[in-house]
Amino acid sequence: MNGVDTVLTRHPDASSDSLIAILQEVQEEEGYLSPDSMYRISTHLDMPASKVYGVATFYNGFRFSPIGEHNIVVCRGTACHVKGSARVLDSLQQELGIEPGEVTEDGKFSLEVVACIGACGLAPVITIGGQTVGEVQPRKVKKILGGIK
């Protein structure tokens, strides 16, 4: 049984009120929301696929393509911006050879940018695989990535 099937069996009598929760669970199971999974969700909830896509694309927490083994998220909120997150992002892009929204050729790393991670006291902040790394400086990027590679 794949991820979407696993989730849908946990919601046998779900209605459209469950859409966001189901989308979140499917993304957690599969890593992203594929066109097939969104179509199957729409069928399960007896609602138009366009409605499912509309809700999923409205929220920036949903992904529509696979992420790398180590997903790196860069905060670009005000505190992080002031403390140099743009330079951190530039360093990550240079080291990984990818832009935000892309995955390295070997599938090990992906890069995302978000408006706020919510750890302003540790600015500038990134997360790697869900683990928060604070006070990141461009000169530390190579060492941080080296610890993962």
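Tutor: A helix here is a DSSP run of H or I with at least four residues, numbered from the N terminus. The model is predicted.

Student: Which residue follows α6, and what is the sign of its phi?

Tutor: Helix α6 covers residues 85–96. The residue that follows α6 is G97, and its phi, near 70 degrees, is positive.

Student: Why does the span of α6 agree with what is expected for its 12 residues?

Tutor: The expected span is 1.5 Å times one less than the number of residues. For the 12 residues of α6 that gives 16 Å, and the end C-alpha atoms agree because they are apart by 16 Å.

Student: Is L92 buried or exposed?

Tutor: L92 sits in α6. Buried means under 20% relative accessible area. L92 has 2% relative accessibility, so it counts as buried.

Student: Which residues does L92 touch, leaving out those up to four places away in sequence?

Tutor: One partner is V141, 49 residues from L92 in sequence but 6.5 Å away in space, C-alpha to C-alpha. With neighbours up to four places away left out, L92 touches I72, V74, G97, L111, I126, V141 and L145.

Student: Which elements do the buried residues of α6 pack against?

Tutor: The buried residues of α6 are S85, V88, L89, S91, L92, Q93 and L96. They pack against β1, α5, β2, β3 and α7.

Student: What is the volume of the largest pocket?

Tutor: By class, its lining has eight nonpolar, four polar and three charged residues. The volume of the largest pocket is about 180 Å³.

Student: Which lining residues are closest to the centre of the largest pocket?

Tutor: The largest pocket is lined by 15 residues. Closest to its centre are R63, S65, G101, L111 and E112.

How values were computed
Residues are numbered from 1 along each chain as its sequence is written. This is a predicted model: local features need pLDDT of at least 70, side-chain atom pairs count only at pLDDT 80 or more; totals for chains, interfaces and linings use all residues. Side-chain values use heavy atoms; hydrogens and water are left out. Helices (H or I, at least four residues) and strands (E, at least two) are DSSP runs, numbered from the N terminus. Buried means under 20% relative accessible area, exposed over 50%, partly exposed in between (1.4 Å probe, protein chains only). Contact means heavy atoms within 4.5 Å. On a 1 Å grid over the protein atoms alone, a cavity is a set of points where a 1.4 Å probe fits but cannot get out, and a pocket is an open set with protein on both sides within 12 Å along at least five of seven lines; lining residues have an atom within 4 Å of a point. Grid points are joined across faces, edges and corners, and a volume is the space filled by probe spheres set on the points. Ala, Val, Leu, Ile, Met, Phe, Trp, Tyr, Cys and Pro count as nonpolar, Asp, Glu, Lys and Arg as charged, and the others, Gly among them, as polar.
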